[in-house]
Amino acid sequence: MRPDFNRLRLFFHVHRARSVSGAAAELHVTQSAVSQSLAKLEDELGAQLFVRRHRALAPTAAGDALFALVAPFVASLQAGIADLQRARHELAGTLRLGAPAEFGAHRLPALLASFTRAHPGARFVLQLGHPSVLVPLLEEGRLDLAFADVFEARRPAATRLAGLDVVDVMDEALVLVGTARRERELLDGSRAFARLARAPFVDYHPGAPAVRGWFRHHFGRTPPQLDVVLAAESVQAVLGAVEHGMGLGLVPAHTVERALAAGRLVAITTRRRTLSNRISLLRVLDRTPSRLEKTFAAFALQSLGGA
């Protein structure tokens, strides 16, 4: 006959406490219930498990052997139950995120590190890319959340577009730059639309949405044709190409502060205010978010809103 698990559990506590009364107190049952279960277990096994010595129970060789079998299982079971109970209160799981290259490489890691310190069970998979790549992945369910940059005029703080919830997170200043030598060769101090439109540019996408956004912001129109000598989905690649004189490029202002101060690069400005690149958080409207997703989204909006 196989011994009853509840009797094995009672035996475990009696062996550990070396006392029927101690086990009864741990388990919140009566001493008689413990004694009866222990007696039935000994009958089932056909072996004496304890002997009484000086008001304490001493395990027999059979008792020690049984404890060696039962103890690892009971300990593992208790640990597993504790993990299940803790999981109800702790956030755990994996979030699939999308983000622009510069934002994802430089701003987002600090945010993710801060979040995982508060929620050690959180894990992330990060896809970097242009919104034209990230938005379809989000709509297809291959991303849970996506950060996207928008090179255009200001929008309301929260809008709904094409089945997506779009919440503005932060703005970062963008500046069109080139080397001093290339600025002289291409513009010679001029900021006229026609002259600027003929310059070669380095952008993040062959369609040059960043540079077109800059023209739209500063002149209210875009050139019908732009000479994009290099398209690279990387701020560092764009900066490197600009510094080697390939053309003009639009980059976050914080990435060129030292180069501008040292005179290695020149900012191409007009009388209009500096263009802002808006980072927004995108979520699919008709999908129920997990608790981890909702918590992270709220954390990101609060943290980056003050960045």
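A helix here is a DSSP run of H or I, at least four residues long, numbered from the N terminus. All views come from a predicted model.

**View 1. A salt bridge within helix H7.** Glu185 pairs with Arg182 in a salt bridge. Their closest N and O atoms are 3.0 Å apart. Both residues sit in helix H7 (residues 180–186). They are 3 residues apart, about one turn of the helix. Arg182 has 18% relative accessibility, so this residue counts as buried. Glu185, at 43%, counts as partly exposed.

**View 2. A salt bridge between helices H1 and H3.** The side chains of Arg7 and Glu44 meet here, N to O, at 2.4 Å. This pair links distant parts of the chain. Arg7 belongs to helix H1 (residues 5–17), and Glu44 to helix H3 (residues 31–45). The two residues are 37 residues apart. Is Glu44 buried or exposed? Glu44 is buried, because its relative accessible area is 19% and the cut-off for buried is under 20%.

**View 3. A salt bridge between helices H2 and H1.** Glu26 and Arg16 join through their side chains at 2.9 Å, N to O. Again, the pair links distant parts of the chain. Glu26 lies in helix H2 (residues 20–27), while Arg16 lies in helix H1, 10 residues apart. Glu26 is partly exposed, with a relative accessible area of 37%. Arg16 is also partly exposed, at 46%.

**View 4. A network of salt bridges.** Which residues are linked in this network? They are Asp168, Asp171 and Arg278. For the model, the count comes to 12 salt bridges.

Technical notes: Residues are numbered from 1 along each chain as its sequence is written. This is a predicted model: local features need pLDDT of at least 70, side-chain atom pairs count only at pLDDT 80 or more; totals for chains, interfaces and linings use all residues. Side-chain values use heavy atoms; hydrogens and water are left out. A salt bridge is a side-chain nitrogen of Lys or Arg within 4 Å of a carboxyl oxygen of Asp or Glu. Buried means under 20% relative accessible area, exposed over 50%, partly exposed in between (1.4 Å probe, protein chains only).
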